[in-house]
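Good morning, everyone, and thank you for making time for this. I would like to walk you slowly through one protein chain, so please keep the picture in view while I talk.

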Amino acid sequence: IDNGQKDTIYSTGFAVIQSKDSNILLTKLLFEYAMNYNEVILQLISKMDKGQYPSVNTEDINNIRIPLPPISIQQRIVDECQKVDEERNIDQQAIVEKEQSITAIFDKLDTDSTCELQKLASLCEAINPSRSEISDVSDSTTISFVEMASVSDKGFIAEKIDRPLGDVRKGGYTYFRENDIIIAKITSCMENGKCALAKGLTNGIGMGSSDFHVLRTSERVLPH
């Protein structure tokens with residue numbers, strides 16, 4: 001927190017950590033650990049209370065162990081991290097501008113007299129196609145398995161896991177194929193923009209979360 005104020009009031013949902021002695025541990029280094037050091041996060045999760053409202057308690061935070069280099073090396077690490085943070089902020093701003101440009105392209109279509117509104121169903125060859133399409137595909141065929149967590153809010157699948165079709169055929173999973181569009185059906189994930197164009201599927205076949213809707217476009221509209 002660096003807002004120019006000496007005192008700040010926090011939500012009860014926060015834990016506040018302060019360096020005991022800035023001559024021993026730089027606060028900014030502690031911040032970088034909390035933000036980027038995955039081992040710290042894993043330690044917290046492993047200790048997390050599994051009750052109705054999972055949370056991390058003070059004792060868990062107290063017992064986290066992190067490396068403590070000499071103060072001069074801490075400063076060098078902080079300086080390097082800040083350089084990367086600045087570059088990342090520039091990149092993120094560029095991404096935001098590009099996304100705004102894409103939005104502007106589609107905004108223009110709303111006022112384009114050559115475009116008429118069409119129901120999605122009329123533009124799709126299939127919505128939620130049947131798994132009967134792959135009834136004659138061998139159970140030993142390797143396909144791509146996609147979890148909800150693997151679908152980015154930027155329109156791509158971040159991770160695909162190769163699995164034999166037979167392992168997932170009988171589960172309540174959603175079937176899709178190359179160039180289909182998968183979109184979250186549950187509200188929270190849909191609001192977060194969980195939608196992707198299925199590309200690079202192993203053997204052109206995908207199976208995934210039961211919480212996907214699948215859109216397969218007709219020749220009237222490009223999948224992308």
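Let me begin in the interior, where the largest nonpolar core of this predicted model is made up of 12 residues, namely Val146, Met148, Val151, Ile157, Phe176, Ile182, Ala184, Ala196, Ala198, Leu201, Phe212 and Val214. Two strands each give at least two residues to this core, and they are strand S5, which covers 181-184, and strand S8, which covers 212-217. Another core lies apart from that one, and its 8 residues include Ile134, Ile143, Phe145 and Leu165.

Let me stay with S5 for a moment. On the one hand, S5 pairs with strand S6, residues 195-197, in the antiparallel sense over 3 bridges, and here Ile182 stands opposite Ala196 in S6. On the other hand, S5 is joined to S8 by 4 bridges, again with the strands running antiparallel, and in this pairing Ala184 faces Phe212 of S8. If you look back at the list for the largest core, you will find Ile182, Ala196, Ala184 and Phe212 there.

Now to a sheet of 4 strands, which is open, has mixed pairing, and follows the order S3-S2-S7-S4. Which strands sit at its edges? They are strand S3, residues 161-164, and strand S4, residues 174-177, each of which pairs on one side only. From one strand to the next, the twist averages 40 degrees. Within this sheet, strand S2, residues 142-146, pairs with S3 in the antiparallel sense over 4 bridges, and one position to find on your screen is Thr142, which stands opposite Pro164 in S3.

Next, please turn to helix H4, which takes in residues 71-109, 39 residues in total. From its first C-alpha to its last, H4 reaches 57 Å, close to the 57 Å expected at 1.5 Å a residue. Along H4, Gln74, Val78 and Asp85 are buried, and what covers the buried residues of this helix includes helix H1, residues 27-36.

Finally, let us step back to the whole chain, which has 7 helices and 8 strands. Of its 224 residues, 25% count as buried, while the accessible surface comes to about 16300 Å², with 53% of that belonging to carbon and sulfur atoms. Among the contacts in the chain with a separation of 6 or more, residues 24 or more positions apart account for 73%. Thank you, and I am glad to take questions.

Key
Residues are numbered from 1 along each chain as its sequence is written. This is a predicted model: local features need pLDDT of at least 70, side-chain atom pairs count only at pLDDT 80 or more; totals for chains, interfaces and linings use all residues. Side-chain values use heavy atoms; hydrogens and water are left out. A nonpolar core is a set of buried Ala, Val, Leu, Ile, Met, Phe, Trp, Tyr and Cys residues joined through side-chain atoms within 4.5 Å. Buried means under 20% relative accessible area, exposed over 50%, partly exposed in between (1.4 Å probe, protein chains only). Two strands pair if DSSP finds at least two bridges between them. Axes are lines fitted to C-alpha atoms, for helices over the stretch in contact, and angles run from 0 to 180 degrees between N-to-C directions. The expected span of a helix is 1.5 Å times one less than its number of residues. Contact means heavy atoms within 4.5 Å. Accessible areas come from the Shrake-Rupley method with a 1.4 Å probe; for residues, only the protein chains shown count as cover.
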